[in-house]
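Reader: Please take one part of this model and look at it closely. I would like to see how the central element packs against its neighbours.

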Amino acid sequence: MSSESYIDIERIAHYLKGSTNYIFAEKAAKTCQDIMTLVKNGQFNSVYSKATLLLEELKAVYDIIIERDFFRN
(Lines give C-alpha, C1' and ligand atoms only; values in the text may rest on other atoms or scores of the structure.)
Protein backbone atom coordinates (compact mmCIF):
# COMPACT_ATOMS: atom_id res chain seq x y z
CA MET A 1 0.00 0.00 0.00
CA SER A 2 1.28 3.47 -0.77
CA SER A 3 2.03 6.07 1.87
CA GLU A 4 -0.82 8.16 0.43
CA SER A 5 -3.22 5.33 1.24
CA TYR A 6 -2.06 5.36 4.84
CA ILE A 7 -2.58 9.12 4.98
CA ASP A 8 -6.16 8.51 3.81
CA ILE A 9 -6.58 5.84 6.49
CA GLU A 10 -5.32 8.27 9.13
CA ARG A 11 -7.75 10.94 7.93
CA ILE A 12 -10.68 8.52 8.03
CA ALA A 13 -9.67 7.34 11.49
CA HIS A 14 -9.62 10.96 12.61
CA TYR A 15 -13.17 11.56 11.37
CA LEU A 16 -14.41 8.31 12.88
CA LYS A 17 -12.77 9.16 16.20
CA GLY A 18 -14.86 12.30 16.43
CA SER A 19 -18.05 10.48 15.49
CA THR A 20 -17.49 7.60 17.88
CA ASN A 21 -16.67 9.98 20.72
CA TYR A 22 -19.91 11.82 19.98
CA ILE A 23 -21.95 8.64 20.53
CA PHE A 24 -19.84 7.55 23.54
CA ALA A 25 -18.32 4.54 21.76
CA GLU A 26 -15.06 4.87 23.68
CA LYS A 27 -13.49 1.58 22.58
CA ALA A 28 -13.96 2.44 18.91
CA ALA A 29 -12.67 5.98 19.48
CA LYS A 30 -9.57 4.59 21.21
CA THR A 31 -8.93 2.22 18.33
CA CYS A 32 -9.23 5.15 15.90
CA GLN A 33 -6.63 7.00 17.95
CA ASP A 34 -4.41 3.91 17.89
CA ILE A 35 -4.65 3.75 14.09
CA MET A 36 -3.77 7.42 13.80
CA THR A 37 -0.74 6.94 16.06
CA LEU A 38 0.44 3.88 14.16
CA VAL A 39 0.30 5.75 10.84
CA LYS A 40 2.04 8.81 12.27
CA ASN A 41 4.80 6.58 13.66
CA GLY A 42 5.18 4.69 10.38
CA GLN A 43 4.10 1.38 11.93
CA PHE A 44 2.12 0.41 8.86
CA ASN A 45 2.32 -3.34 9.49
CA SER A 46 0.06 -2.97 12.53
CA VAL A 47 -2.63 -0.86 10.88
CA TYR A 48 -4.51 -3.76 9.27
CA SER A 49 -5.11 -5.59 12.54
CA LYS A 50 -6.27 -2.39 14.24
CA ALA A 51 -8.58 -1.60 11.31
CA THR A 52 -10.06 -5.09 11.60
CA LEU A 53 -10.60 -4.52 15.32
CA LEU A 54 -12.24 -1.18 14.58
CA LEU A 55 -14.70 -2.83 12.19
CA GLU A 56 -15.62 -5.34 14.90
CA GLU A 57 -16.16 -2.55 17.41
CA LEU A 58 -18.27 -0.51 14.99
CA LYS A 59 -20.38 -3.61 14.27
CA ALA A 60 -20.94 -4.03 18.02
CA VAL A 61 -22.08 -0.39 18.27
CA TYR A 62 -24.42 -0.92 15.33
CA ASP A 63 -25.86 -4.05 16.94
CA ILE A 64 -26.56 -2.18 20.18
CA ILE A 65 -28.30 0.62 18.30
CA ILE A 66 -30.49 -1.86 16.43
CA GLU A 67 -31.15 -3.94 19.55
CA ARG A 68 -32.36 -0.92 21.48
CA ASP A 69 -34.31 0.31 18.49
CA PHE A 70 -32.89 3.84 18.61
CA PHE A 71 -34.25 4.58 15.15
CA ARG A 72 -37.89 4.35 16.22
CA ASN A 73 -39.84 7.26 17.61
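Author: Start with handedness: a crossing is left-handed if the near helix is turned anticlockwise from the far one by less than a right angle, and right-handed if clockwise. Now the ground rules. This is a predicted model, in which local features need pLDDT of at least 70, side-chain atom pairs count only at pLDDT 80 or more, and totals for chains, interfaces and linings use all residues. Residues are numbered from 1 along each chain as its sequence is written, and side-chain values use heavy atoms, with hydrogens and water left out.

The protein chain has three helices and zero strands (DSSP runs numbered from the N terminus: helices are H or I of at least four residues, strands E of at least two). Its pattern along the sequence is α-α-α. The C-alpha atoms fill a box of roughly 45 × 20 × 15 Å along the principal axes.

Confidence comes next. Mean pLDDT (the predictor's confidence in each residue, from 0 to 100) is 91 for the chain. At least 70 is reached by 95% of the residues. Among the elements, α2 has the highest mean, 96, and helix α1 (residues 3-22) the lowest, 91.

Take α1 against α2. Their axes (lines fitted to C-alpha atoms over the stretch in contact) lie 8 Å apart, at an angle of about 155° (between N-to-C directions, from 0 to 180 degrees). The two helices are therefore roughly antiparallel (over 145 degrees). Their crossing is left-handed. In contact (heavy atoms within 4.5 Å) are, among others, Tyr6, Ile9, Ala13 and Leu16 of α1 and Ala28, Cys32, Ile35, Met36 and Val39 of α2. The contact divides into 10 nonpolar residues (Ala, Val, Leu, Ile, Met, Phe, Trp, Tyr, Cys, Pro), four polar (the others, Gly among them) and three charged (Asp, Glu, Lys, Arg).

Now the other partner. Helix α2 (residues 26-40) and helix α3 (residues 47-67) have axes that come within 9 Å and cross at roughly 165°. That makes α2 roughly antiparallel to α3. This crossing is left-handed too. Lys27, Thr31, Asp34 and Leu38 are among the α2 residues that meet α3, where Val47, Leu54 and Leu58 are among the partners. By class, this contact has 10 nonpolar, one polar and four charged residues.

Ala28, Cys32, Ile35 and Val39 of α2 belong to the contact with α1. Ala28, Cys32, Ile35 and Val39 also meet α3.

Note on methods:
Angles under 35 degrees count as roughly parallel, over 145 as roughly antiparallel, 65 to 115 as roughly perpendicular and the rest as oblique.
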